[in-house]
Number of protein chains: 2
Amino acid sequence: MHARFVTSTLTGSARVIKAGHPRAASLAFTAPAVRKFFHTSPWTLSVNAPEAANTPPTHSSSNPPMAFPCVDQLEQRTQKFLQSFDGGPEPSYSNPVSGYSLYQHNEPFLLDHGGILPKFEIAYESWGELNEDKSNVILLHTGLSASSHAKSHPANTAPGWWEKFIGPGLAIDTNRFHVICTNVIGGCYGSTGPSSIDPKDSKPYATRFPIVTIFDMVRAQFEMLDSMGIKKLHASVGASMGGMQSLAAALLFKERVGKIVSISAAARSHPYSIALRFTQRQVLMADPNWNKGFYYDKVPPHSGMKLAREIATISYRSGPEWEQRFGRKRSQPMTTPSLCADFLIETYLDHQGERFCLQYDPNSLLYVSKAMDVFDLSASISAETALRRARNTLRLQEGKGSSAPANAATPPEEQAAACSTTVSPEKQKKQEQQDTPKAQLSDLKQGMSSLKDVPALILGIQSDILFPVWQQKEVADCLREAGNKNVTYYELDSMYGHDAFLLEIVNVGSAVKGHLELKE
Amino acid sequence: MHARFVTSTLTGSARVIKAGHPRAASLAFTAPAVRKFFHTSPWTLSVNAPEAANTPPTHSSSNPPMAFPCVDQLEQRTQKFLQSFDGGPEPSYSNPVSGYSLYQHNEPFLLDHGGILPKFEIAYESWGELNEDKSNVILLHTGLSASSHAKSHPANTAPGWWEKFIGPGLAIDTNRFHVICTNVIGGCYGSTGPSSIDPKDSKPYATRFPIVTIFDMVRAQFEMLDSMGIKKLHASVGASMGGMQSLAAALLFKERVGKIVSISAAARSHPYSIALRFTQRQVLMADPNWNKGFYYDKVPPHSGMKLAREIATISYRSGPEWEQRFGRKRSQPMTTPSLCADFLIETYLDHQGERFCLQYDPNSLLYVSKAMDVFDLSASISAETALRRARNTLRLQEGKGSSAPANAATPPEEQAAACSTTVSPEKQKKQEQQDTPKAQLSDLKQGMSSLKDVPALILGIQSDILFPVWQQKEVADCLREAGNKNVTYYELDSMYGHDAFLLEIVNVGSAVKGHLELKE
């Protein structure tokens, strides 16, 4: 097998030059001392190889083997899990959720791509008093991996993910508003997701969970609002994926959303952010412990999750921040460079991965991040979705079974038509015209035109790589072109990248407060 | 184990709201049809789940299991490798290198971090005639994973990685210049690297290969030039890692480098690019087949390599290019979204990973990408390196053994001093002063001051994420501030990101040609 890397193989017309009497270049150490060494002592006389202590010495090699404590650590965690199944102590893991309320929906719920949830639950938390006519509600949507715990409260005193944005007098003023934050369906912090039990066989759904969309998440939320008797929101507020939900809510239920706040989000995911999420999913799915999603009674894919989070963290922050915070500092400057975490930026990523790898359900990461990729407010997509919903409903009425085939929602005859080589020149031309960026933008504008009467705050961060600021500009432009006279668009020059919405309490907070409280 | 994702667990002060008579929201499909279905047909009546064909039906679940052909594919490749070890047919793999020449260096070579190569080889290719006084040589340095095959020639007619930049009348004019391109030490395309045989025990080095630096690569190249009797280069030319080598060559051998061309490179790696390479290494090292680098007679870590390349590809290109090239197009628009490659951008990344995963030695990726991280032209780093070289040489002279301990090059007494808590306030203050960005920039300027007499072309791409354009600006500024009167600095507005140096034949080519041929 070695020959596939042709390191020491001469092929073709190779000529060989031997180093006869190499001229000593200023810093080239081919000195007599080195030659002498090679006829005397082996490297094992060398001092100070603490990290290689567990590696048996290989006296015969020219240099000592490297140590890989980071690889050992992953293996040790796997072993710890395996021991726990043998009746040993449970490995410790984080449980960041408690003290939430639960909405139970006991009717079947048809999802946008044809899957069905026989029933579902939504975990939610709330702050501030609901007024008498239930008109002061703010529905707060979360980012990908957040729970409903946006703010501490008596039942869970841990700080929430928007702790300093919610409270009396703060950006979302709990003296004025009743704030409800939910965990999305597909997630794992109390709402129904892949780790939930499928009522059909009382086993976790795992990857038998159906594909879920941002619109599905929002429709489920509004089922909950219905049951609470909340007819109209004062505002739909969210950042990142939450900012997508915020727009989706107004699109689906425009009469029921008073205002929109959409921070660091987009009207449709662009290929670069899809690429970033794709690699995270692939890395996770390549972990043998992922086991196609069926790991709930086995060792979880902790290694894949750690790696996925490391990649995600790169997309959440920015170069300028890290330049300032870590620069080129190394964790142990006096040691030889190592292939495990070495520079401070590497130990930071390692730490972020460690923190997350047992905190969030890997399958939820797959489904929820995919929902973000698929998100698109374009008119053609909305029309397709409406058609699919109607067709699936009809098929169920006819008793033809679930419309949730594994990877294909379209009847074979339609697929065949789509793949047919006999597309008419007119149709081909029309398709090509639709494929231009200009036509796609026009499609998006049309899809968002119904949002013309909802006042909106659109906020972007200039250093955001995942949701670059041109995407928020696109949202604002589409709204304005639809005739929306109440679009506020801000760009922040924060160096915190995508995560700025969690960190820029004053800059983000003021914009949110102003928008929520301004009389229009 | 399931309880760690608290999906269906009520904790704390949870209140439960049941969906009594949910108001039918405009698009919420909890219609009678759906309820009816749940009392009748199972999903297995569903039409058209072609990709799930190999998955045994699970009649008892609410939805069908998803298919994961991308995961199956990885497993199938592993099985194919395993079969090949049982005497079956060898799996096919790419062998992109042939027809190179080989420089053999049969003297021990001491590396910057204390490792030793008892001997080494450099694969190289050349184009154009060497003139009589050997003054028309251009040394071309490669990026991370490139071979010496920059241009086709009779012994290897495949197009090279700079095929359209090298030739008569082209950017590097072979009517004027003798171009030599080498594969770096640490690589795998003919030069000595981790997949080479350690002469001490006749086994591949694997991760017993010592840490190698950009300066080591360049010193090895100049050993080769010595043996060829080439005293001075007309120019040292390179992009990406090659642009680092280009600068390093002039710094180490300033009398021997006539001109510098450094494209899309940096004087020191910044934390964001270190982070991007770190995740690639971690993903690769997490592949169980990597086996701490000892895979040469086993299944190679093809899965980890594929994933690493997918991540790398994200850093090599740009959002605007992908927006234009792929947009939001899906490979099979009529199917339900899939967790394997689905959008065109995903199939593109998948393809890039597939192409690369058996083409380049995984251990080489680790060592060479690490060399890029460690690269830093700052004066303090150069001084440390010089000290280390002197110390290691001395230690060898004293017969104390190799100075290449696994992960630590500093004697224990010095490490202890470095970790000591009794640092004097003065020393602490001095250290803090050195740690400011301003002090670090001053350190870099000092380190590059010796380059003041070498004409330099510094070229950057505005859409480059891996080596952002401010890094090329930094190089140009440092050279100019050192008093260099012949610094040409261009920024290109190409949308191809870091890879622009491979694609922008006219824009990059003209700059290179102008710089190489201008009389100064």
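This briefing walks through a predicted model, from the overall make-up of chain A to helix packing and a handful of single residues. Chain A has 520 residues, and 62% of them are buried. Its secondary structure adds up to 16 helices and 15 strands. A good place to start looking is helix α5 of chain A, residues 271–286, which packs against α8 of chain B and also against α6 of its own chain.

**Chain A as a whole**

- If you take the contacts in chain A with a separation of 6 or more, 71% of them join residues 24 or more positions apart.
- The chain exposes about 19100 Å² of surface, and carbon and sulfur atoms supply 53% of that.

**Helix α5(A) against helix α8(B)**

- Here the two chains meet: the axis of α5(A) comes within 9 Å of the axis of α8(B), which covers residues 344–356, and the two cross at roughly 55°.
- That angle makes the pair oblique, because it falls outside the ranges for roughly parallel, roughly antiparallel and roughly perpendicular helices.
- The crossing of α5(A) with α8(B) is right-handed.
- On the chain A side, the contact uses P271(A), I274(A), A275(A), F278(A), T279(A) and R281(A).
- Facing them from chain B are I345(B), E346(B), L349(B) and D350(B).
- Sort the residues of this contact by type and you get six nonpolar, one polar and three charged.

**Helix α5(A) against helix α6(A)**

- Within chain A, α5(A) packs against α6(A), residues 302–316, at an angle of about 165° and with the axes 8 Å apart.
- Angles over 145 degrees count as roughly antiparallel, so that is the label for α5(A) and α6(A).
- This crossing is right-handed.
- From α5(A), the residues taking part are L276(A), T279(A), Q280(A), V283(A) and L284(A).
- From α6(A) come G304(A), M305(A), L307(A), A308(A), I311(A), A312(A) and S315(A).
- By type, this contact splits into eight nonpolar and four polar residues, with no charged ones.
- Keep an eye on T279(A): it appears in the contact with α8(B), and it appears in the contact with α6(A) too.

**Helix α3(A) against helix α4(A)**

- Another packed pair in chain A is α3, residues 214–228, with α4, residues 241–252; their axes lie 9 Å apart and make an angle of about 65°.
- The range for roughly perpendicular is 65 to 115 degrees, and that is why α3(A) and α4(A) get this description.
- α3(A) passes α4(A) in a right-handed crossing.
- The α3(A) side of the contact consists of I214(A), F215(A), M217(A), V218(A), R219(A), Q221(A) and F222(A).
- The α4(A) side consists of M241(A), M244(A), Q245(A), A248(A), A249(A), L251(A) and L252(A).
- That gives eleven nonpolar residues, two polar and one charged.

**Buried residues in strands and a loop**

- H178(A) sits in strand β9 of chain A, residues 178–182.
- With a relative accessible area of 10%, H178(A) is buried, because the cut-off is under 20%.
- Setting aside neighbours within four places in sequence, H178(A) touches S126(A), W127(A), G128(A), E129(A), L130(A), N136(A), V137(A) and I138(A).
- S101(B) is part of strand β2 of chain B, residues 101–105, and counts as buried at 3% relative accessibility.
- Along the sequence S101(B) is 81 residues from T182(B), while their C-alpha atoms are 9.3 Å apart in space.
- T335(A) belongs to the loop between α7 (319–325) and α8 (344–356) of chain A, and is buried with a relative accessible area of 11%.
- T335(A) and E107(A) are 228 residues apart in sequence, and 62 Å separates their C-alpha atoms.

**Positive phi values in a chain B loop**

- N291(B) is in the loop between α5 (271–286) and α6 (302–316) of chain B, and K292(B) lies in the loop between those helices as well.
- For N291(B), phi is near 55°, a positive value in a residue other than glycine.
- K292(B), also not a glycine, has a positive phi near 55°.
- N291(B) is partly exposed, at a relative accessible area of 36%.
- K292(B) counts as partly exposed as well, at 29% relative accessibility.

Methods: Residues are numbered from 1 along each chain as its sequence is written. Chains are lettered from A and ligands numbered from 1 in the order in which they are written. This is a predicted model: local features need pLDDT of at least 70, side-chain atom pairs count only at pLDDT 80 or more; totals for chains, interfaces and linings use all residues. Side-chain values use heavy atoms; hydrogens and water are left out. Axes are lines fitted to C-alpha atoms, for helices over the stretch in contact, and angles run from 0 to 180 degrees between N-to-C directions. Helices (H or I, at least four residues) and strands (E, at least two) are DSSP runs, numbered from the N terminus. Angles under 35 degrees count as roughly parallel, over 145 as roughly antiparallel, 65 to 115 as roughly perpendicular and the rest as oblique. A crossing is left-handed if the near helix is turned anticlockwise from the far one by less than a right angle, and right-handed if clockwise. Contact means heavy atoms within 4.5 Å. Ala, Val, Leu, Ile, Met, Phe, Trp, Tyr, Cys and Pro count as nonpolar, Asp, Glu, Lys and Arg as charged, and the others, Gly among them, as polar. Buried means under 20% relative accessible area, exposed over 50%, partly exposed in between (1.4 Å probe, protein chains only). Accessible areas come from the Shrake-Rupley method with a 1.4 Å probe; for residues, only the protein chains shown count as cover.
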